[in-house]
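Q: Please take a close look at the surroundings of ligand 1. Include any backbone geometry that I should know about before I work with the coordinates.

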Amino acid sequence: MKTYVLKDERKKELEVLDKALEKIGRKELPYILRVQQAILKAVDEYMYKKEITRIMPLMIAPITDTLNHDVEECEVKYEGQKFDITKSMIFHKQIMLSSPYLDKIYIVSPNVRLEQQEEGDKRHLFEFTQVDLEFKNADMDDIFEFEEGLMKYVFDYVKKECVDEFKALGIGTSHLDISIPFKRYTTQELKAKYGDDFEERASAEATQPFWLINHKREFYDAEDLEKPGTYRNYDLIWPRGYIEGLSGGEREYKYDRILTRMRELDVDEGAFRNYIQLAKDGKIPKTAGAGFGVERMTRFVCQQKEIDDVTVFTRKPGQTYLF
Ligand code: AMP
Ligand code: MG
């Protein structure tokens with residue numbers, strides 16, 4: 001079947017086509033991509049040295065992240081079964097660690113989240129990649145220590161390896177001089193200090209990354225049973241206004257807790273029946289984990305205005321997409 005396009009529409013499309021080629025042809029792009037490559041190389045090296053097992057990502061699965069905000073649905077039908085496109089591999093990480101032979105895993109994981117366009121938004125793509133890890137029998141402190149070590153290793157590596165790239169991009173590297181451990185704040189204390197836009201304001205004032213602890217969000221993030229209504233989860237906030245770069249948490253893993261949290265958040269238990277079954281059989285281990293966005297890290301490292309500045313093809317909500 002032939003596709004016909006109206007003349008005016010076609011004219012507009014050709015303008016977008018020019019823009020798409022302009023985006024690919026930016027002189028900064030090869031430098032940004034080289035820095036991103038160095039970041040990923042350093043991440044892999046660090047993980048390998050620390051004996052974290054890398055698993056390959058999945059792009060479709062019968063269950064995926066429930067997220068804590070609405071995005072457009074994105075389903076694939078295959079052989080009479082429904083698959084979602086991966087929003088994150090949180091459940092696969094937990095299920096994989098049911099193996100008695102695996103304790104620490106990570107995935108360089110492409111995620112599709114069909115986000116709504118928001119005025120002034122500089123950090124959402126609807127397709128991005130996260131470095132997503134999960135450790136068995138770990139708690140928040142273990143993850144903080146590991147991620148701090150990882151960030152330090154990565155930043156030291158790119159500072160050393162990417163001198164020419166930073167020069168070509170016309171930026172310094174003082175934002176990569178991080179001192180660990182990072183400071184920790186609760187969402188409550190920052191909200192009291194800065195008001196509702198505390199993440200933006202605290203990030204804009206900060207010169208070092210910091211942890212932001214205790215968010216009410218997905219059912220799988222563990223509630224602190226000694227302090228009900230508080231949660232053992234966290235974000236890493238990039239300084240200088242770059243805001244959230246990583247999210248994670250200790251996980252709910254006990255059957256009754258998972259059901260309680262699912263009911264609180266109105267999650268479709270039917271869709272999760274096999275995951276729930278594993279929890280009922282005691283097969284979901286105690287874990288904690290975190291994932292950081294590769295493009296957000298590249299944006300921060302390369303000090304770019306917005307996240308889509310580090311992509312080759314536009315994946316910014318609210319645009320026309322040709323490729
Ligand atoms: P989440 O657990 O949903 O916060 O995702 C983990 C990390 O992935 C976040 O902290 C971000 O760094 C990154 N991320 C999440 N959503 C997006 C998005 N729409 N665009 C770019 N990066 C994202
Ligand atoms: Mg998050």
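**Backbone geometry and the ligand 1 site**

A: Pro 181 is placed in the loop that runs between α5 (163-169) and β7 (183-186). The model is a predicted one, and every value below is computed from it. The peptide bond leading from Ile 180 into Pro 181 is cis, its omega being near 0 degrees. A second backbone feature concerns Arg 240, which is not a glycine but has a positive phi of about 60 degrees. Arg 240 belongs to the loop between β9 (233-238) and β10.

The strand β10 leads on to the ligand. Ligand 1 sits in the largest pocket. Three elements each give two or more residues to the shell around ligand 1: β6 (127-136), β10 (243-250) and β11 (287-293). Of the contributions to this shell, that of β10 is the most, at four residues.

In total, 15 residues surround ligand 1. The closest of them are Arg 113, Leu 125, Glu 244, Gly 245 and Ser 247. Sorted by class, the shell consists of five charged, six polar and four nonpolar residues.

Next come the individual polar contacts with ligand 1. Ser 247 places a polar side-chain atom 2.9 Å from an oxygen atom of ligand 1. For Gly 293, a backbone N or O atom is found 3.0 Å from an oxygen atom of the ligand. In the case of Leu 246, a polar backbone atom and an oxygen atom of ligand 1 are 3.2 Å apart. On its own, ligand 1 has 470 Å² of accessible area, and the protein covers 91% of that area.

The last point is an annotation. An unreviewed UniProt entry lists residues 104-317 as "domain: Aminoacyl-transfer RNA synthetases class-II family profile". In the model, residues 104-317 are 33% helix and 22% strand. The C-alpha atoms at the two ends of this span lie 34 Å apart.

Key. Residues are numbered from 1 along each chain as its sequence is written. Chains are lettered from A and ligands numbered from 1 in the order in which they are written. This is a predicted model: local features need pLDDT of at least 70, side-chain atom pairs count only at pLDDT 80 or more; totals for chains, interfaces and linings use all residues. Side-chain values use heavy atoms; hydrogens and water are left out. A residue is near a molecule or strand if one of its heavy atoms lies within 4 Å of it. A polar contact is a pair of N or O atoms within 3.5 Å; within protein, one must be able to donate a hydrogen and the other to accept it, and residues adjacent in sequence count only if both atoms are side-chain atoms. Accessible areas come from the Shrake-Rupley method with a 1.4 Å probe; for residues, only the protein chains shown count as cover. On a 1 Å grid over the protein atoms alone, a cavity is a set of points where a 1.4 Å probe fits but cannot get out, and a pocket is an open set with protein on both sides within 12 Å along at least five of seven lines; lining residues have an atom within 4 Å of a point. A molecule sits in a cavity or pocket if more than half of its atoms lie within 2 Å of its grid points. Ala, Val, Leu, Ile, Met, Phe, Trp, Tyr, Cys and Pro count as nonpolar, Asp, Glu, Lys and Arg as charged, and the others, Gly among them, as polar. UniProt positions are given in the numbering used here, feature names are shortened, and annotations may be inferred rather than shown by experiment.
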